[in-house]
Amino acid sequence: METGTTGTSVKASSLRWKILRQAILRKPNADEQSEIGVKRITRKTKQGFNLIPCHLVDDPSHSSDVTVCYTLPIDSAPKLYLTQRVVDHADLSDFEICNKYNIDNTGLVCQWPSEEVLAYFCLSHADMFRSKRVIELGSGYGLAGLVIAAVTEASEVVISDGNPQVVDYIQHNIDANSKAFGGTRVKSMMLHWNQNEISNISSAFDLIVASDCTFFKEFHNGLAQIVKFLLGKVQPSEAIFFSPKRGDSLDKFLEKIEENDLRFSITENYDAEIWKHHTELMNGAASWPSYQKDHCYPLLIRISV
C-alpha cells in the first residue's frame with residue numbers, strides 16, 4: 001500500500017519504527033506470561049465477536065506459525081484451515097519489509113475482528129456473490145476471501161494484500177483449502193494501493209470487499225483511488241467495506257471517497273446475529289472487556305459509482 005508522496009512516506013516510516021521500539025521495550029507482566037501457549041497466536045483468541053468457531057490444529061508453543069481450523073456455522077460447509085503467524089514478538093525483518101514497500105504490517109499481527117465480521121456477513125449473504133467475480137483488498141490471512149470461495153459459488157475470488165509476506169500466507173492457505181472451492185477460481189495477488197501500479201489489473205470485478213482497511217490515514221487516498229479504478233471496470237459493481245469509526249479515521253476516508261466522485265451509504269445494524277453479539281459486548285460481556293463501539297464495532301459501508 002504505497003502512499004505516493006515523500007512526506008507521507010516518511011511519516012508512515014516513523015510511525016512503524018515507533019511501534020517497533022514500543023514492541024521491543026515492552027516486557028510482559030506475570031499475567032501475560034501465564035497466557036503463553038494457545039493465546040500467543042493472535043489477539044483473535046482473546047477478543048472478537050466469536051461468530052465463526054475455531055480451534056488450533058497444532059501446538060504453537062515451539063513454532064512461529066500455527067494452523068487454525070474454522071468451522072463455518074452452516075450445514076454442509078467445509079472446514080477451512082488457515083496458517084497464521086504467532087505474534088508474541090516483534091521481528092525486525094518485518095519492519096524492514098514495511099519500509100522497503102511502504103506498507104503496514106497489520107496483516108501479520110492477527111486475524112482482526114472486522115475480518116471475521118466480513119467473513120460471517122459473506123457467509124450469511126452468499127446469494128449476492130453467486131457467479132460474481134470478487135476481489136478482497138487488504139486481506140490479511142484471507143479468511144473472508146476463503147469463505148466466499150468455499151460457500152458462495154462465486155465465479156472467481158482474488159485475495160490480495162500489499163505485504164509480500166502476507167501474500168505468501170494467503171497462497172499457502174489457498175493451496176491448503178483448494179478442495180473446498182468447487183468450481184470457483186481462487187488466486188492470491190500482491191496489490192499496492194497505488195494508482196501507478198493498479199493499471200496492471202486486467203480483470204473486472206463485480207464486488208470488492210475489505211475489512212478494517214481505513215485505520216491509517218496516509219493510505220486513504222490510494223485506497224479510494226483503487227476502489228474507483230476497480231468499480232469503473234464493470235457496471236453494475238459495488239464495494240463492501242467493514243470498518244469501525246476509530247475517531248475520525250473512517251470519516252476522513254469517506255471524504256476521499258467523495259473526492260473521487262464515488263457514492264457511499266453507511267449501515268449500523270446490518271445483521272441480526274452480529275448486532276446481538278455487539279449488544280452483548282456493549283452490556284459488558286466478559287469475552288471482550290475493553291470493547292468500545294467506536295474502535296471495535298465495524299460499520300457496513302457500501303460504495304458505488
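**Exercise 1. Pairing in the three-stranded sheet**

Task: Identify the bridge partner of Cys69 in β3, and then establish the strand order of the sheet.

Solution. The structure is a predicted model.

Step 1. Cys69 has Tyr81 as its bridge partner in β3. Between β2 and β3 there are 7 bridges, and the two strands run antiparallel.

Step 2. On the side of β1, His55 stands opposite Cys69 of β2. Cys54 has Tyr70 as its bridge partner in β2. Strand β2 covers residues 65–71 and is joined to β1 by 3 bridges, again in an antiparallel arrangement.

Step 3. The resulting sheet is open, has 3 strands and follows the order β1-β2-β3 with antiparallel pairing. Its edge strands are β1 (54–56) and β3 (79–85), each of which pairs on one side only. On average, neighbouring strands of this sheet are turned by 30 degrees against each other, direction ignored.

**Exercise 2. Surroundings of the sheet**

Task: Determine how many residues of β2 are buried, and which strands helix α6 touches.

Solution. Step 1. Of the 7 residues of β2, 5 are buried, so this strand is largely enclosed by the rest of the structure.

Step 2. Strand β2 pairs with β3 through 7 bridges. Helix α6 (residues 143–151) packs on the sheet and touches β2 and β3, its direction making about 160 degrees with that of β3. Helix α7 (residues 164–176) also packs on the sheet, touching β2 and β3, with its direction at about 155 degrees to that of β3.

**Exercise 3. The helix pair α5 and α6**

Task: State whether α5 is roughly parallel or roughly antiparallel to α6.

Solution. Step 1. The axes of α5 (residues 113–124) and α6 come within 8 Å and cross at roughly 15 degrees. Because angles under 35 degrees count as roughly parallel, α5 is roughly parallel to α6.

Step 2. The crossing of α5 past α6 is right-handed.

Step 3. The residues of α5 that meet α6 include Glu115, Leu118 and Leu123. Among their counterparts in α6 are Leu143, Val147 and Val151.

**Exercise 4. Salt bridges and their exposure**

Task: Find how many salt bridges the whole structure holds, and decide for Glu156 whether the residue is buried or exposed.

Solution. Step 1. A search of the whole structure yields 10 salt bridges. In general, side chains of opposite charge can pair when their charged atoms come close.

Step 2. One of these pairs is Asp127 with Arg130, whose side chains meet at 2.6 Å, N to O. Asp127 is exposed, because its relative accessibility is 59% and the cut-off is over 50%. Arg130 is partly exposed at 34%. Glu153 joins Asp127 and Arg130 in a network of salt bridges.

Step 3. Another salt bridge connects Glu156 and Arg133, with the closest N and O atoms 2.7 Å apart. This pair links distant parts of the chain, Glu156 being in strand β5 (residues 156–161) and Arg133 in strand β4 (residues 133–137), 23 residues apart. Glu156 is buried, because its relative accessibility is 7% and buried means under 20%. Arg133, with a relative accessible area of 27%, is partly exposed.

Step 4. Asp212 forms a salt bridge with Arg246, in which the closest N and O atoms are 2.7 Å apart. Asp212 lies in the loop between β7 (207–211) and α9 (220–231), and Arg246 in the loop between β8 (238–243) and α10 (249–259), so the pair ties together parts that are 34 residues apart in sequence. Both Asp212 and Arg246 are buried.

Note on methods:
Residues are numbered from 1 along each chain as its sequence is written. This is a predicted model: local features need pLDDT of at least 70, side-chain atom pairs count only at pLDDT 80 or more; totals for chains, interfaces and linings use all residues. Side-chain values use heavy atoms; hydrogens and water are left out. A salt bridge is a side-chain nitrogen of Lys or Arg within 4 Å of a carboxyl oxygen of Asp or Glu. Buried means under 20% relative accessible area, exposed over 50%, partly exposed in between (1.4 Å probe, protein chains only). Helices (H or I, at least four residues) and strands (E, at least two) are DSSP runs, numbered from the N terminus. Two strands pair if DSSP finds at least two bridges between them. Axes are lines fitted to C-alpha atoms, for helices over the stretch in contact, and angles run from 0 to 180 degrees between N-to-C directions. Contact means heavy atoms within 4.5 Å. Angles under 35 degrees count as roughly parallel, over 145 as roughly antiparallel, 65 to 115 as roughly perpendicular and the rest as oblique. A crossing is left-handed if the near helix is turned anticlockwise from the far one by less than a right angle, and right-handed if clockwise.
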